[in-house]
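User: Hi! I am new to protein structures and would like to learn how to read one. Could you guide me through this example?

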Amino acid sequence: EKGYETGEHAPGLKLGGCGAYKAAHHIIKTHAKVWHSYNNTWRSEQQGMVGISLTSGWGEPVDPHSQTDRDAAERYIQFHLGWFANPIYRGDYPEVMKNYVGRKSAQQGLGTSRLPTFSVQEKTYIKGTSDFLGIGHFTTRYVLQKSFPSLQVSSYHTDRDLAELVDPKWPAPGPKWLYSVPWGFRRLLNFIKTQYGNPLIYVTENGVSEKVQCTQLCDEWRIEYLKGYINEILKALNDGVNVRGYTAWSLLDKFEWNKGFSERFGFYHIDFKNKNKPRYPKASVDYYKKIISANGFPNSREVMS
């Protein structure tokens, strides 16, 4: 969407209303081809696994008793995660995506939907092409119904007919989009379990950056974020969600899309101005070391001994 619709990211194309859908369509078909290539050529010899990593927020209805808000929250997830996961696990785009984009395309006088279609052969070829699901997750939104007239400029965002809200009490230590809402992660993981047949999950990205550089590298907000989110993964494990592993994002400060080196997600602070790029551990390093050495939240007395 940012590469082929808004043009914020490379390759910087502004193909409003259809660019993101076309790009995603190719990604999904290419992913399936790679999976089949491995499956046919290497799997018997290597016994490896091929999956896909999808990043998704969680959408919570503003009013859980309102059917329109619940439907809007469902659309938020289906247009976000389901867009890629549904073809891979269930054989086609989510029905709600096909309905909304199709209806808006017709209202705009287009002969076909801006959302491409898979042939019967492609659906069969794509379905089941993931030995595990990688999940990147950072934040949550409250969602409610908001109608966008189809005569306006069409886009992925207006196709969904929803608005996203945040709770002003949610901590927002990093960039303006990243609020710390740990409970959303458990709900997202349980959604995946029920929606896609409880697939094997690896958490491939989860973390927070920092708005201001803390000169003492005392990133206690990152410690709180990790504690909250990892705790919710443990709750999801107790719910029966099949989470096999967790990877925090990220080991080092690095180049972050169009924010360059200014947005720092790392456990280790990098001095980018220095020719040798020295690395300095932030406070979260010590905290995370204890978690991974205990493979969970450690007993404080055990850690000290």
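Analyst: Happy to help; we will go from the overall picture to single residues. This is a predicted model, in which local features need pLDDT of at least 70 and side-chain atom pairs count only at pLDDT 80 or more, while totals for chains, interfaces and linings use all residues. Residues are numbered from 1 along each chain as its sequence is written, and side-chain values use heavy atoms, with hydrogens and water left out.

User: How many helices and strands does the protein chain have?

Analyst: Helices (H or I, at least four residues) and strands (E, at least two) are DSSP runs, numbered from the N terminus. Here the protein chain has 10 helices and 9 strands. Its radius of gyration is 21 Å, close to the 19 Å from the globule rule for 305 residues, so the chain is as compact as a globular protein of that length. That radius is taken over C-alpha atoms, and the rule is 2.2 Å times the number of residues to the power 0.38. Along the principal axes, the C-alpha trace spans about 70 × 50 × 50 Å.

User: Next, the sheets. In what order do the strands of the 4-strand open sheet stand?

Analyst: First the general idea: strands of a sheet pair through backbone hydrogen bonds, either parallel or antiparallel. Two strands count as paired if DSSP finds at least two bridges between them. In this open sheet of 4 strands the order is 1-3-6-7, and the pairing is parallel. Strand 1 (52–55) and strand 7 (243–246) are the edge strands, each pairing on one side only. On average, neighbouring strands of this sheet are turned by 30° against each other, direction ignored. Angles run from 0 to 180 degrees between N-to-C directions, and axes are lines fitted to C-alpha atoms, for helices over the stretch in contact. Inside the sheet, strand 3 (residues 133–136) runs parallel to strand 6, joined to it by 4 bridges. I135 stands opposite V203 in strand 6.

User: And which strands make up the open sheet with mixed pairing?

Analyst: That one has 3 strands in the order 2-4-5. Strand 2 and strand 5 stand at its edges with a single partner strand each, so one side of each has no neighbour in the sheet. Neighbouring strands here are turned by 40° against each other on average, direction ignored. You can see the mixture pair by pair: strand 2 (residues 58–61) and strand 4 (residues 140–145) are parallel over 4 bridges, whereas strand 4 and strand 5 (residues 162–165) are antiparallel over 4 bridges. To find the first pair on screen, look for G59 opposite R141 and for E60 with its bridge partner Y142. For the second pair, look for Q145 and its partner L162 in strand 5.

User: Which strands does helix 3 lie across?

Analyst: Helix 3 lies across strand 2, strand 4 and strand 5, at about 130° to strand 4. Helix 7 (residues 183–195) also packs on the sheet, touching strand 2 and strand 4, and its direction makes about 100° with that of strand 2. Contact here means heavy atoms within 4.5 Å.

User: At what angle do helix 3 and helix 4 pack?

Analyst: Angles under 35 degrees count as roughly parallel, over 145 as roughly antiparallel, 65 to 115 as roughly perpendicular and the rest as oblique. Helix 3 (residues 67–90) and helix 4 (residues 95–107) pack at about 105°, with axes 9 Å apart. They are therefore roughly perpendicular to each other. R75, Q78, F79 and W83 in helix 3 meet V96, M97, Y100 and V101 in helix 4.

User: Where does the "active site" annotation fall?

Analyst: The UniProt annotation, from an unreviewed entry, covers E205. UniProt positions follow the numbering used here, feature names are shortened, and annotations may be inferred rather than shown by experiment. E205 is in strand 6 (residues 201–205). Beyond neighbours within four places in sequence, E205 contacts T55, I135, G136, H137, F138, T247 and W249.

User: Which residues does the cis peptide bond with omega of about 15° join?

Analyst: This bond joins W249 and S250, and S250 lies in the loop between strand 7 and strand 8 (268–270). Another cis peptide bond joins A10 and P11, with omega of about 5°. P11 belongs to the segment before helix 1 (19–41).
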